[in-house]
Amino acid sequence: MAFNLTRRKFLQTASLAAASIPLSKVVSANTGISKSTLDTIGTSGDKTVVGGICEMCFWRCQMVGKVRDGRLMKLEGNPKSIDNGTALCARGNAGVKLLYDVDRLKYPMKNVGKRGEPKWKRISWKEALDECGSRLNSTVEKYGPQGICVFPHGSSAKYPMHFFERAVGTHNVSEASFFQCRGVRDTSYVATIQKAPGEKIDMPNTKVLFFVGDHLGENVHVSHIKQYIQGLQNGAKLIVADPRFSAAAAKAHIWVQIKPGTDTAYLLAIMNYLVENNKYDKEFVEDYTDGFDEFSDAIKEWTLEKAAKECDIPAAQIKEVADMLANNAPNIAIHPGRHATWHGNDFQRGRALACLTGILGAYYVKGGWVPPKSPKLKSISWAKEDHGHTYDLNYNNEDEEELYPFKPPGTPTELIRDCAISGKPYPIKSCVVWGQNPLQTIPKPEKMKDLFRAMDFVMCVDVMPTDVTAWADILLPEPSYLERYDYIKKGTQWDLAQEHQQYISARMPIVPPMFERRDQVYITNEIAKRMGHEDKIPVKNIKELVEKTLASANLSIEQLKAEDGIHIQPGKDPFEIPEDFEVLLFNEDIADTGHPGAPTYLPVPDNPKGYARLLYGRAPVHTFNRSQNNIWLHNEMPDNPVWVNDKVAAQLGLLEGDTVGFVNSEGVKSATTTTVKVTAGIRKDCVYIYHGYGSANPLMTTGAKAGVDDTALITKLAIDPESGCNGMRNNFVKLIKNGKVLDIPA
Ligand SMILES: Nc1nc2c(c(=O)[nH]1)N[C@H]1C(S)=C(S)[C@@H](COP(=O)(O)OP(=O)(O)OC[C@H]3O[C@@H](n4cnc5c(=O)[nH]c(N)nc54)[C@H](O)[C@@H]3O)O[C@H]1N2
Ligand SMILES: Nc1nc2c(c(=O)[nH]1)N[C@H]1C(S)=C(S)[C@@H](COP(=O)(O)OP(=O)(O)OC[C@H]3O[C@@H](n4cnc5c(=O)[nH]c(N)nc54)[C@H](O)[C@@H]3O)O[C@H]1N2
Ligand code: SF4
Ligand SMILES: [Mo]
């Protein structure tokens with residue numbers, strides 16, 4: 001390295017996430033903004049380029065790049081940011097290594113071998129686009145627009161997604177961030193408080209933080225982590241319900257080692273106790289809620305004792321938690337969750353979290369759930385047309401979505417996969433994958449392969465050769481987030497107690513794109529021209545899209561650059577309760593669809609004899625599989641050891657560091673092995689691995705075959721009945737050591 005710092009030291013100073021340093025040391029107590037390393041490293045000749053917006057994950061922190069002779073040397077948080085400040089996490093810092101990763105896709109490629117066993121031939125952009133245009137066209141001509149399915153994710157996938165949804169007219173669009181992530185959280189809150197909740201809790205100013213499965217610290221989003229740490233520094237009590245001793249559980253005042261899948265029973269018992277003992281916020285309930293009587297009737301059965309048995313935790317601890325919440329209400333922050341697709345009973349858990357917040361009056365108050373008011377900008381994209389499908393987060397969708405009345409926007413993944421594989425009720429024959437890796441992020445990956453096999457045409461736009469790219473007929477390379485214009489990041493200052501401020505920033509390239517990579521607007525427009533939609537093209541190029549969006553706030557790229565990449569303006573009071581705000585403790589619309597109108601616990605299947613439940617979560621220094629080939633991050637966490645309870649390990653004769661493989665209850669074996677982590681920090685009935693490892697694509701020369709792929713073992717679906725989202729945690733495994741399958745003791 002050119003700097004006079006070793007790589008390891010560099011990562012440590014820079015990283016919020018590196019497990020070796022306590023977060024509180026990185027973040028200063030007053031501002032939460034760590035001192036910029038800008039002054040201490042790099043040489044004076046380095047040029048600072050503003051306008052960077054990270055996309056190593058989807059939190060999108062604001063950055064600057066230090067560029068020397070046209071080469072990016074280092075990324076830092078933008079000192080002007082009132083959100084992430086000068087802090088980036090380990091992954092954000094390591095973006096440099098994605099940029100220059102030699103394995104990255106460089107040219108358009110055509111697969112002249114088989115899907116899944118590709119032989120790549122470099123072709124020209126014209127050839128590639130002609131083929132995409134004509135193949136997609138012929139699908140539309142033969143089968144109609146719904147014959148195309150789209151799996152998008154990330155900032156570069158929005159424009160093409162809108163093209164296929166709005167101009168072409170297919171509703172078969174399934175975003176990973178909805179159907180495998182937060183869609184069910186959003187619709188459960190919409191069905192309760194008319195709004196998607198975000199992660200909008202006022203943590204810095206709260207008295208009690210309540211996390212149900214949120215593992216902040218391993219789940220790393222910089223400004224969110226800053227809020228969390230500030231809350232703890234300000235003396236907030238922390239309650240964490242998690243079957244595992246997560247990074248958050250390690251900081252908790254109360255760790256609830258709950259049996260997986262039973263969280264709704266737990267929340268209902270807390271609420272029932274509060275109601276029965278008159279410990280809820282009567283005034284708030286009177287003024288702002290609806291359906292209290294039906295609600296309190298419906299949850300009556302959930303005594304502390306009943307829940308204690310169901311959740312396998314002490315009744316006294318449930319009471320302790322309930323009292324801690326009630327004694328500090330309304331200044332309590334109940335985290336709405338983020339990755340909420342767990343066990344297929346997730347809509348009801350979301351409803352329970354939202355109702356608990358309601359009966360304790362913790363909406364729009366200091367330390368409670370508060371939605372900061374962001375600047376308004378016009379969305380510049382393909383015009384919406386009437387194709388008979390909905391575009392918004394609106395839970396009363398019509399037609400085929402009646403199956404899942406509280407589904408997020410788009411079509412549930414399973415409906416698309418079933419339709420594509422069976423050809424019923426209609427054929428789906430082309431597939432567009434853009435910034436999603438469904439072979440490692442959608443349960444039952446073999447079914448995904450069946451979908452690809454059933455296609456006439458598969459195109460994929462990506463930056464790395466991840467698993468899904470091996471299934472494309474045409475593979476197109478995009479510039480990374482460091483080489484392109486696109487995303488507008490807007491928001492408010494991270495601490496609501498500070499003066500209300502808003503910001504607007506736009507992603508601008510830190511270095512120009514290399515090789516033959518082309519951005520989303522170029523690719524989409526060229527395909528649109530070839531599919532007869534030229535007249536609808538909304539912008540000529542990506543820069544125009546950014547300019548037009550900024551213009552709606554009287555800004556321009558030039559002005560943003562002059563303002564160091566971030567425009568800051570006065571904000572609005574986030575605590576003001578909207579006129580139509582209402583917490584629907586009982587929701588008649590839900591009851592009308594045949595689902596429970598009051599939050600209800602739906603039990604999940606128990607472990608089959610001899611199996612442990614497979615749990616998974618975030619690796620603090622990786623983002624899913626997308627960062628596995630990043631050499632800095634790989635070196636920090638090269639594989640994902642499986643957490644095994646110490647007593648179970650003793651019974652099985654397993655030692656720390658033993659090599660093991662997995663077999664699940666449907667007979668699927670892991671393709672790779674990992675090592676054992678023996679710990680008292682996990683329940684006996686489950687094992688845990690970090691998600692995103694074990695890539696099968698050998699073209700990722702660092703990341704391939706590192707660790708075990710959790711998704712490959714997630715072969716049983718658990719579809720949430722209200723939302724159609726994919727639960728993933730009703731899968732059960734045994735460990736294999738030296739070829740011997742070990743039964744997990746009951
Ligand atoms: N088993 C299991 N499955 C999960 C989860 C889990 O914890 N366990 N988590 C779920 C959650 S919360 C989510 S949000 C989803 C995420 O699901 P995905 O969006 O599928 O996850 P990523 O790994 O981010 O994969 C995205 C793909 O985008 C590519 N990519 C990265 N940058 C760019 C870019 O700039 N342009 C383009 N075109 N492509 C790019 C990557 O190389 C990768 O192939 O996964 C869900 N699925
Ligand atoms: N470093 C890093 N940070 C990330 C990401 C990343 O890829 N890497 N991805 C981002 C994204 S897109 C998302 S959606 C978020 C997800 O982050 P979160 O929403 O916080 O995490 P999950 O993956 O849902 O949850 C994992 C935790 O749930 C616990 N758990 C498992 N089953 C149960 C259960 O039945 N009940 C309870 N109470 N707990 C249970 C696990 O033990 C684990 O600690 O992280 C974000 N942050
Ligand atoms: S949390 Fe980390 S990876 Fe995510 S956007 Fe911020 S710096 Fe990048
Ligand atoms: Mo997510």
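Begin by selecting helix α7: this element gives the most to the shell around ligand 1, with 3 residues. The model on screen is predicted.

**First stop: ligand 1**

Keep α7 (176-193) highlighted and add β13 (457-462) and α24 (710-713); each of these elements supplies at least two residues of the shell around ligand 1. Next, display the side chains of His 153, Asp 462, Thr 466, Glu 478 and Arg 626, which come nearest among the 29 residues around ligand 1. If the shell is coloured by residue class, it divides into 11 nonpolar, 12 polar and 6 charged residues.

Three polar contacts of ligand 1 merit a closer view. Select Arg 618, where an N or O atom of the side chain is 2.9 Å from an oxygen atom of ligand 1. Move on to Asp 710, which places a polar side-chain atom 3.0 Å from a nitrogen atom of ligand 1. Then select Thr 711, whose side chain has an N or O atom 2.9 Å from a nitrogen atom of ligand 1. Of the 920 Å² of accessible area that ligand 1 has on its own, the protein covers 96%.

Now colour domain 1 (109-180 + 383-482 + 515-555) and domain 3 (612-742). Ligand 1 lies between these two domains because both give residues to the shell around it.

**Second stop: ligand 2**

Select ligand 2 and the 33 residues that surround it; the closest are Asp 242, Gly 261, Asp 263, His 343 and His 622. At least three residues of this shell come from each of domain 2 (196-370 + 579-592) and domain 3 (612-742). Strand β19 (residues 612-617) gives the most to the shell around ligand 2, with 3 residues. By class, the shell around ligand 2 comprises 14 nonpolar, 10 polar and 9 charged residues.

Return to Arg 618: a polar atom of its side chain also lies 3.2 Å from an oxygen atom of ligand 2. At His 343, a polar side-chain atom is 2.8 Å from an oxygen atom of ligand 2. At Ala 241, select the backbone, where a polar atom is 2.9 Å from a nitrogen atom of ligand 2. The protein covers 99% of the 930 Å² of accessible area that ligand 2 has on its own.

**Final stop: strand β21**

Select strand β21 (residues 659-664), in which 5 of the 6 residues are buried. Add strand β22 (residues 674-679), which pairs with β21 in the antiparallel sense over 2 bridges; here Val 660 has Thr 674 as its bridge partner. Finally, add strand β26 (residues 732-737), also antiparallel to β21, with 4 bridges between them. In β26, Val 733 is the bridge partner of Asn 664.

Note on methods: Residues are numbered from 1 along each chain as its sequence is written. Chains are lettered from A and ligands numbered from 1 in the order in which they are written. This is a predicted model: local features need pLDDT of at least 70, side-chain atom pairs count only at pLDDT 80 or more; totals for chains, interfaces and linings use all residues. Side-chain values use heavy atoms; hydrogens and water are left out. A residue is near a molecule or strand if one of its heavy atoms lies within 4 Å of it. A polar contact is a pair of N or O atoms within 3.5 Å; within protein, one must be able to donate a hydrogen and the other to accept it, and residues adjacent in sequence count only if both atoms are side-chain atoms. Accessible areas come from the Shrake-Rupley method with a 1.4 Å probe; for residues, only the protein chains shown count as cover. Ala, Val, Leu, Ile, Met, Phe, Trp, Tyr, Cys and Pro count as nonpolar, Asp, Glu, Lys and Arg as charged, and the others, Gly among them, as polar. Domain bounds come from an automatic or database domain assignment. Buried means under 20% relative accessible area, exposed over 50%, partly exposed in between (1.4 Å probe, protein chains only). Two strands pair if DSSP finds at least two bridges between them.
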